[in-house]
Amino acid sequence: MTETTRETGMNERTIISVRNLAKYFPIESGFLRRQVGVVKAVDGVNFDLNEGETLALVGESGCGKTTTSHCIIQAQRPTAGQVLFRIGDAEPMDLTRMEKEELKEARRNIRMIYQDPYSSLNPRMTLLQIIGEPLVIHRMVESQDELQERVAELLRLVRLDPSTLNRYPHAFSGGQRQRIAIARALSLSPKVVIADEAVSALDVSVQAQILNLMKELQTQLGLTYLFVAHNLAVVKYEADRVAVMYAGKIVEIGETEELYTNPRHPYTEALISAAPNPDPDTKYRERIVLAGEVADPGNLPGGCAFHPRCRYAEDRCRQETPELIDVGEKEGQSHLAACHFAEKLELTGIAGAIQREERESA
Amino acid sequence: MTEIQRGGTAIDELGPSTEGMDGSLLSVRDLQTHFFSREGVVKAVDGVSFDIKPGEILGIAGESGCGKSVTSQSILRILPKNGKIVGGEILFQNEDQIIDLATEDADGRVLRNIRGKDIAMIFQEPMSAFSPVHTVGDQIIETIRIHQEVSKEEAHDQAIEMLRRVGMPNPARNIDEYTFNLSGGMRQRAMVALSLSCRPKLLIADEPTTAVDVTIQAQMLELLRDIQADLGMAIIMITHDLGVIAELTDRVMIMYLGKEVEHGTVEDVFHRPQHPYTRGLLASIPKMDPGRVEIEPIEGVVPNPYAMPSGCKFHTRCPDFIEGVCERHEPPLTAVARGHEVSCFLYGGREALE
């Protein structure tokens, strides 16, 4: 570890460190476009992404998970905060302060995969052009032959027939297109891949193929994933750690199994309870059905933004905004939750019924 | 009214097909709906049969292109222009007559009387059910007054009552609002209120929870369950989400490429899935269970609809493929338990081939 890394406080395993990230959008009104308010899409988000792990950002529409990912890659410039990125032993760089040209190097190492493979791939380009484009832009190949060879190799990597490289995306199904998008993302041998709802638009049988492919590629290439998704079951399968977002803030973050079996924030508890399970035996279980809808990030309630929908809310929740605090019970595991009563509440996770029975019989 | 009677008697004269409705509200028999385009014919629904009893909740599940939505559009005769019912019957028990919806004029009075009154539908996108330039109340009142002889005031009261039942926060105010002023969840509720305003006997719900967040989905499922218990209508729930099926329905039919592959009670189909496709589907869904649960995808891709496989449509991806049988013959539906049928040669139908 070098002096600088110690100064920035970056953990040895950390590849991206997001610090106090905020993204505000102005609300303008009238002919003169006067600013009448502000949408706090992301508001004070902190997390570390460790090398080789899959960290999921989950939450409902408008919680800021996609904006967070855009602010990391500087597709949108954050209003405040830092995004520290480190390659190997090099000094971490703050992406938020870099100019476009300087960002090129970082962007070679952080790639994105989007939700809809029908709109993310240019229909007028062949697979060779789509997958090869980043290689050409970053001058990674010297001849047309080398380009063809690299693209064929990438197609094999995502289990597509390399002889299809002169075909257009329309000849492929949704799942195959998502493989093409993955091949494009991997063309520059990045360190980090941000997958923004990458399997949400796919049918379940194909979704499973892509989930497994992403896991295999992670092991094979040592990739680090930031997995942005709303489907909790998919996240449970794919992620090592999970950050739950609500109204622009992280409300809970921890190791996947621990967070699902032992949630410490009432919103996490409600999300887990609401997720439909393909098992008719759970049909009549008691579900927590949250009243109302996700808070409007342009007009957030005071105190804890979740309090109007929270069944445990008390006066304090209406006045004070809770900080993310450590609530971990397991040695060596970090588990943070932003709830005034995180330590006191007995919340139910996926194994809730079983745990409660054990507790009662003990 | 006369036309409804004529529709009824016309079918009655056909004799055999009207028998054996067996107390069913709707009986779909060997339905075939095809789409015609320059590239060829797509057999979107290719010989599907099912019954639904009054007050029952039936799920129709499958992946994109399996024909589940086309089945529902066929029932209400709201198919796109190039889609046509080319065979089969859709028998609907209306009062004491049986009407074959498949042969009625899609724009005729019989169907216009049934649509929205006896059979209503809710969609994935609530904005598509509403006009943006009329208030929610005006549209519900209009629907009520088309189908019932009531005064404006009575219809207004009924509309408020329905908005209250679907859990709108302030029905007396919401009735005068435009849909663009409502949030996503409220629009869904307004759409349910509109569809239920004439107390239909059958509600067709086509992916109503697909585009909404999980907490809103939970609200919607709870609403459908409550309102079904309250009003007692039958529901056909069309979705690709097997979690939603498990949560809401009594019976389920699984479809693949226009064919029915398996049907039975949700308990039978989810706990004792027989068809390799059903088993594959269930194995490919990540579960919300503690511990590490592996998922196994179904190999391959859904075939191009213009070049359908011969024999069993699933044989190209099937792990239990029987060479010389599955690619040559279409498997018949075979009962594996009471009310649990599968169309797969693993469970029978091969004897008849010899």
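**A buried strand in chain A and its surroundings**

In this predicted model, strand E3 of chain A is covered on both of its faces, with A:Thr54, A:Ala56 and A:Val58 buried on one side and A:Leu55 and A:Leu57 buried on the other. The strand spans residues 54-58, and 5 of its 5 residues are buried. Two strands of chain A pair with E3(A) in the parallel sense: strand E8, residues 224-229, does so over 5 bridges, and strand E9, residues 241-246, over 4 bridges. Within the pairing with E8(A), A:Val58 stands opposite A:Ala229, while in E9(A) the residue that serves as bridge partner of A:Leu57 is A:Ala243.

Residues of this region also appear in the largest nonpolar core, which holds 197 residues and in which A:Ala56, A:Phe227, A:Ala243 and A:Val244 touch the most other members. In soluble globular proteins, nonpolar side chains tend to be buried together. For A:Val244, when neighbours within four places in sequence are left aside, the contacts comprise A:Val58 and A:Gly59, then A:Ile250, A:Val251 and A:Glu252, and finally A:His265, A:Tyr267, A:Thr268 and A:Leu271.

Chain A also contains an open sheet of 4 strands, in the order E2-E1-E4-E5 and with antiparallel pairing. Strand E2, residues 34-50, and strand E5, residues 93-94, form the edges of this sheet, each pairing on one side only. Strand E1, residues 14-29, runs antiparallel to E2(A) and is joined to E2(A) by 13 bridges; A:Ser29 is found opposite A:Arg34 of E2(A). Helix H2 of chain A, residues 65-72, lies across E1, E2 and strand E4 (80-85), and its direction makes an angle of about 115° with E1(A).

In chain B, attention turns to a pair of helices, H4 (residues 136-147) and H5 (residues 152-165), which pack at an angle of about 120° with their axes 9 Å apart. The crossing of H4(B) and H5(B) is right-handed. From H4(B), the residues that take part in the contact are B:Gly137, B:Ile140, B:Ile141, B:Ile144 and B:Arg145, and these meet B:Lys152, B:Ala155, B:His156, B:Gln158, B:Ala159 and B:Met162 of H5(B). By residue class, the contact of H4(B) with H5(B) is made up of 6 nonpolar, 3 polar and 2 charged residues.

Terms used:
Residues numbered from 1 in each chain as written. Chains lettered and ligands numbered in written order. Predicted model: local features only at pLDDT ≥ 70, side-chain atom pairs only at ≥ 80, totals over all residues. Axes fitted to C-alpha atoms, helices over the stretch in contact; angles between N-to-C directions. Left-handed = near helix turned anticlockwise from the far one by under 90°. Contact = placed C-beta atoms within 7 Å. Nonpolar A, V, L, I, M, F, W, Y, C, P; charged D, E, K, R; others polar. Core = buried A, V, L, I, M, F, W, Y, C linked by C-beta atoms within 7 Å. Buried ≥ 20, exposed ≤ 12 C-beta atoms within 10 Å, placed from the backbone. Pairing = 2+ DSSP bridges.
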